[in-house]
Amino acid sequence: MRSTIWLVSGIVLIIICSVYQIQEVSDKTEPKPNITSVKEWDYQWLNSQDETFSSAWAADASPTNWQHADKSHPMPKRDNNADALVLRISLSDMEWNTPGIWLKRVYGTAVSVSIDQQPTPIYQVARTYSYDVNYMLLPLENTADNNKLIVLLRLSDERQSLEPEIIVGDYYQMLPEYERYGLIELIFGGSFMFIALIMMTCLFFLKREQIVLWMSLCLIILCLGEIILAYSPALYHHFQTHGEPFLALFDLALFLLTPAVAVFFENVLGQGIYGMLRKFRIALMPVTVIVIVLWALGKTIFPGISISMLQVVPLTVCVSIQIVILTIHAIWYAWKGNRDAILISVGYSIFSIISITEIVNYFKDETYHLIYWKWGLLPFLLSLIAVMGRQFSRNHDRLVKYSQEQEMFNREIQRSEKMELISHLAASIAHEIRNPLQVTRGFIQLVGEKAVDKDRQFLNVAVQELDRASSIITEFLTFAKPELEDVKTLNISEELYQIQDILTPLAAMQSARLDLLTESDLFVMGSAEKFKQAIINIIKNSLEAIAKDDGSVAVHARNDQNTIIIRITDNGEGIDPEKLDKLGEPYFSSKSKGTGLGLMVTFRIIEAMKGTIRFNSTKGIGTEAIIRLPASESPVPLKTE
C-alpha cells in the first residue's frame, strides 16, 4: 500500500513539473523588463596545441583576425583546426543600477571570463570530462562603459555549432530564473529514479513469474530518469567535481535501456511474429555485454577506445532495429485488438512524434536545446505502467480462476470417492436385501387379505414401506451400475414430449404448469429409459420445490455448436448457495423425506452419456438446471422395398 502511495505521488509530481515546464517555456516568448539579449559579438578561432587550459590563451588572439557575428551574419561552424574559441562582447549602454550578464548557454569543456585589460578572470572553470554545456550569471557593477567582456572556451571534439545564448540586464532581475535554470530536469529525472527505486522494493513481494516484467519496467524508468538527469546542465553546474560519474551513469543507462525495453515487450506481447521479439532479445544480450565491457575497458585500462563509437555505432544500430520491430508488433497487435498493444502504440506514437521533431530541429541547429522529448516520455511511461498493471490483473484473474477450478476439482474428487464407496456398497448388499424383502412383502399381502379393520390398515402401511425400501434399493442398483444399456440415437424432442405427457398430471396436482419449448431434430446417444429417469428426477424436484399457486417449470432444448443444451427452470423457493455445491452427493437432500439418491443417480446417468449438469439458483426466485450433451447425427432411416 505504501509503495502504491509513493508511486502515485511520484507520478503526480512529474505531471506538476510538466505543467510548470510548459508554462516556463511559454513565458520565454514574452519580453521581460530590464533584460536584453545580446545579438552581436566578435569571435576568433584559436589552436592551443594541447596546452593546459589557461586564461592567457586569450592573449594569443590576433588584433586583426576578429570576425563579427550578428543577426544577419551568424557565426559559422567551428574552424577545422580550432580547439578553442574567444568571444568579445561589448558592454556599452549598461544603464542598470546592478548590471549583470547571463551567459545562458556557451559550449566548452573549460571556460574563462574576464574583462578586457584586466589580467584576472572574473569566472573560470575547467572540466576533466567531455560535457561542454555551461551557463553562468556574472555581476558587472564595477565595469566601465564600453569595456569588452572576453569569453575563452576550450572546445570539445564533437560539437560543431557553437553560437552562444547571452543576456544582459539587471542582475537581481535575472537571478531568480538563473537559480532555477535546469532544476526542473533534475526534479523530473530524479522523480523517475525515485519511482523506480520505490517500485524495486516491491520485488520481495512478487511471484517469480512477475519479477522479470516488474524488474524490466523498473530498469526502464531508472535508465530514463538517469538520462534526463544527466542531460540537465544544472547537474554539472552545481556538482562540477562529480561530472565524471554522472556521465558514466548516463552511458550505462543508454546501454541498458535497449535490452530492458526488449525484455519488457517480450513479456507483454510474447515471442512476437515468427518469434522476432525473442530472437532480437537473445541477440541483443551478448552485444550489450560486449559493449559494456569495452566501455569499462575504455574508462579504465585502455583509454584509447572511442567511447563515442561505442555509443553511436552499436547503440544506434540496435535502437534502430528495435524501433522497427516494436513499431511493427505494436501496429500488428493493435490491429488484432490487443489492448496492451493499443496502449503502447498510443504512448509510443506520442513520444516518437515529439522526439523526431526534436531531433530534426537539433540536426538543423546543434545549439537547439532539446526540451520536449522528456515530456513525451511521460505518456509512453504511463502506457508501460498501465500495461504492466493489466498484466498483473490478468495474472490475478487467472490465479482466482485456478483456485476456483482447484476447489471444484477437489469437490469432484470427494464426490467421486463417496460415489465409488456407495457403488461398492450397493452392489454387494442390494441383491441380498431385496430378495427377503420381496418374500416378506408377499406374506404380508397374504395375511392382509384375511385381516380386517385396523389390522388391514397396518399391513397396508407395512407393504408401502417395503415398496419404498425396494425403491431405494433399486436406485442403489442403478447407481452401482451406471453403464447405459441399449444405447441408441435418441430424439431429444420426442423424449421430452413423452416426459411432458407423463408429468403433466403431477404438475396439475401441484397447481403448477409444465411448459416445453424445444427445437426439432435434436439427437444424442444414450439409453431412452435412463435419460427419462434423469430428466423426470429433475422435473419432479422442481415441482416439489414450488410452494405457490402460479408455479411453473419450463424445459427448453436447443442445439448450440454440436452441443445439446437442456434448461429446466422453475420459480420455486430456490436453494441456498452453500447447499448448491452439495447437490448430487449421497444422502444430501433439501426434502424432509429425501435421500439424495435420485439426483445422485441423475448425475451418474448424465456422466455416462458423456454430458455435464450444472445448477444455478437464487433463494426466493427459483432454480435452473443446465444439462449439456454431445450432439449426434440423425439416424439413417431403413430402406423399404
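Here is a short conversation about some features of this structure and the definitions behind them.

Reader: What makes this a model to read with cut-offs in mind?
Author: This is a predicted model, where local features need pLDDT of at least 70 and side-chain atom pairs count only at pLDDT 80 or more, while totals for chains, interfaces and linings use all residues. Residues are numbered from 1 along each chain as its sequence is written, and side-chain values use heavy atoms, leaving out hydrogens and water.

Reader: Good to know! What makes E266 and R281 a salt bridge?
Author: A salt bridge is a side-chain nitrogen of Lys or Arg within 4 Å of a carboxyl oxygen of Asp or Glu. The side chains of E266 and R281 meet at 2.7 Å, N to O, so the pair fits the definition. E266 lies in helix α6 and R281 in helix α7, so the bridge ties together parts that are 15 residues apart in sequence. Helices (H or I, at least four residues) and strands (E, at least two) are DSSP runs, numbered from the N terminus.

Reader: Why is E266 called buried, and why is R281 called partly exposed?
Author: Buried means under 20% relative accessible area, exposed means over 50%, and partly exposed is in between, with a 1.4 Å probe and protein chains only. E266 has 14%, so it is buried. R281 has 22%, so it counts as partly exposed.

Reader: How many salt bridges are there in the whole structure?
Author: A search finds 7. One of them joins E177 and K104 at 3.5 Å, N to O. That pair links distant parts of the chain, with E177 in helix α2 (residues 171-179) and K104 in strand β5 (residues 99-107), 73 residues apart. Both E177 and K104 are buried. In another salt bridge, D560 and R558 meet at 3.8 Å, N to O. D560 has 31% relative accessibility, so it counts as partly exposed, and R558, with 32%, is partly exposed too.

Reader: What makes a group of residues a nonpolar core?
Author: A nonpolar core is a set of buried Ala, Val, Leu, Ile, Met, Phe, Trp, Tyr and Cys residues joined through side-chain atoms within 4.5 Å. The largest one here has 53 residues, and I221 and F264 have the most contacts inside it. Helices that each supply at least two of its residues include α3 (183-200), α6 (243-269) and α10 (373-450). Apart from it lies another core, of 50 residues, among them A69 and M136.

Reader: Which residues does F264 contact, leaving aside its neighbours within four places in sequence?
Author: Contact means heavy atoms within 4.5 Å. The partners of F264 are L213, S216, L217, I220, L384 and M388.

Reader: Why are β12 and β16 said to stand at the edges of their sheet?
Author: The open sheet has 5 strands in the order β12-β14-β15-β17-β16, with mixed pairing. β12 (512-518) and β16 (612-618) each have a single partner strand, so one side of each is left without a neighbour in the sheet.

Reader: How do you know that β12 and β14 pair?
Author: Two strands pair if DSSP finds at least two bridges between them. β12 and β14 (residues 551-559) have 7 bridges in the parallel sense, so they pair by that definition. In one of these, L514 has V553 in β14 as its bridge partner.

Reader: How do you know that the span of α13 is close to the expected one?
Author: The expected span is 1.5 Å times one less than the number of residues. α13 has 17 residues and reaches 24 Å from its first C-alpha to its last, close to the 24 Å expected. Its buried residues include F531, I535 and L543.
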